[in-house]
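Dear colleague,

Please find below the structure that I am handing over to you. My findings follow it, and I would ask you to read them with the structure open.

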Amino acid sequence: MTLTLADLAAFNAVLIVSILSPGAAFLMAVRSTVSNGRAAGIATGLGLGVMASLWTLAALLGMDALFALFPWAFAVLKTGGAAYLIYLAVMTWRGAAKPVGTATKPQGRAFLDGLLVNLGNPKSVLFAAAVLVVIFPPDLSAAQIALITANHLTLEILFYTACAFILSAPAARARYVRTKPLLDRIAALLLGGLGLKLLLQR
């Protein structure tokens with residue numbers, strides 16, 4: 001069997017639903033944009049997209065089977081990721097009452113933040129593996145695997161770049177500034193909850 005446009009369309013539909021679902025990645029992209037500007041938001045989205053597409057690549061290469069053989073590797077990644085999400089939650093809560101500053105976050109730091117948030121969720125590779133098995137034919141070639149991975153990265157970048165342009169508009173930023181304490185505390189609770197869930201799940 002060969003890879004078809006219908007296969008890619010089905011994958012993209014699932015991916016779009018996944019990206020739109022509220023989670024740590026989307027929260028990080030939103031806060032980065034409204035707090036630190038468009039460039040930081042785009043850089044954060046790039047980090048999120050690179051790591052998410054690397055998890056898809058890992059799933060295509062059978063990383064889920066490796067986790068099954070070496071469960072300690074999965075446990076290390078899961079614990080580290082949970083700890084990072086909880087750290088973000090604590091820092092977000094502590095900074096909720098602080099006013100939005102005028103200084104912008106360095107793009108390299110914003111990219112790293114996005115990368116680490118999605119690196120901290122090894123369950124993504126297991127989800128990706130389950131979806132990929134259903135959608136794509138077996139025995140994909142190296143070129144087809146590269147195409148699927150590049151397709152994933154492109155969608156992630158387009159989505160988060162669009163979000164950065166929309167959310168960096170003066171009206172959107174002004175609304176965020178007015179409701180920052182409440183929104184940041186909600187984000188902190190969600191990030192902390194995701195971290196605890198990841199830590200406690202077996």
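The pLDDT is the predictor's confidence in each residue, on a scale from 0 to 100. This term is needed here, since the model is a predicted one. The protein has an average pLDDT of 82, and 90% of the residues score at least 70. Confidence is lowest in helix 4, residues 63–69, where the mean is 70; it is highest in helix 8, at 93.

I begin with the interior. The largest nonpolar core contains 33 residues, and Val117, Phe136 and Ile148 have the most contacts inside it. At least two residues of this core come from each of helix 1 (5–20), helix 2 (24–36), helix 3 (38–60), helix 5 (71–94), helix 7 (123–135), helix 8 (142–167) and helix 9 (170–200). As general background, nonpolar side chains tend to be buried together in soluble globular proteins. Which residues does valine 117 contact, once its neighbours within four places in sequence are left aside? They are Ala24, Ala25, Met28, Leu48, Tyr84, Leu85 and Leu88.

Two pairs of helices deserve attention next. Two packed helices are described by the angle between their axes and the distance between the axes.

The first pair is helix 2 and helix 9, whose axes come within 10 Å and cross at roughly 150°. Because angles over 145 degrees count as roughly antiparallel, helix 2 and helix 9 are roughly antiparallel to each other. The crossing of helix 2 past helix 9 is left-handed. On the side of helix 2, the contact is made by Ala24, Leu27, Arg31, Val34 and Ser35; helix 9 contributes Arg173, Tyr176, Asp184, Ala187, Leu190, Leu191 and Leu194.

The second pair is helix 5 and helix 9. Their axes come within 8 Å and cross at roughly 160°, and helix 5 and helix 9 are therefore roughly antiparallel as well. Helix 5 also passes helix 9 in a left-handed crossing. Among the residues of helix 5 that meet helix 9 are Lys78, Leu85, Ile86 and Trp93, while those on helix 9 include Asp184, Arg185, Leu191 and Leu198.

Lysine 78, found in helix 5, merits a closer look. Is this residue buried or exposed? Lysine 78 is buried, because its relative accessible area is 11% and the limit for buried is under 20%. The C-alpha atoms of lysine 78 and leucine 198 are separated by 6.7 Å, although the two residues are 120 residues apart along the chain.

Three further residues complete this account.

- Serine 32 lies in helix 2 and counts as buried, at 2% relative accessibility. Leaving aside neighbours within four places in sequence, serine 32 is in contact with Gly37, Ala40, Gly41, Thr44 and Ala110.
- Leucine 3 is in the segment before helix 1 and is buried, with a relative accessible area of 16%. Not counting residues up to four places away in sequence, leucine 3 touches Phe136, Pro137, Leu140, Gln144, Leu147 and Ile148. Leucine 3 and isoleucine 135 are 132 residues apart in sequence and 9.8 Å apart in space, C-alpha to C-alpha.
- Threonine 179 belongs to helix 9 and is partly exposed, with a relative accessible area of 34%. From C-alpha to C-alpha, threonine 179 and threonine 33 are 15 Å apart in space, with their positions 146 residues apart in sequence given as the separation.

Yours sincerely

Notes: Residues numbered from 1 in each chain as written. Predicted model: local features only at pLDDT ≥ 70, side-chain atom pairs only at ≥ 80, totals over all residues. Heavy atoms only, no water. Core = buried A, V, L, I, M, F, W, Y, C linked by side-chain atoms within 4.5 Å. Buried < 20%, exposed > 50% of the residue type's maximum accessible area, 1.4 Å probe, protein only. Helix = DSSP H or I, 4+ residues; strand = E, 2+ residues; numbered from the N terminus. Contact = heavy atoms within 4.5 Å. Axes fitted to C-alpha atoms, helices over the stretch in contact; angles between N-to-C directions. Parallel < 35°, antiparallel > 145°, perpendicular 65-115°, else oblique. Left-handed = near helix turned anticlockwise from the far one by under 90°.
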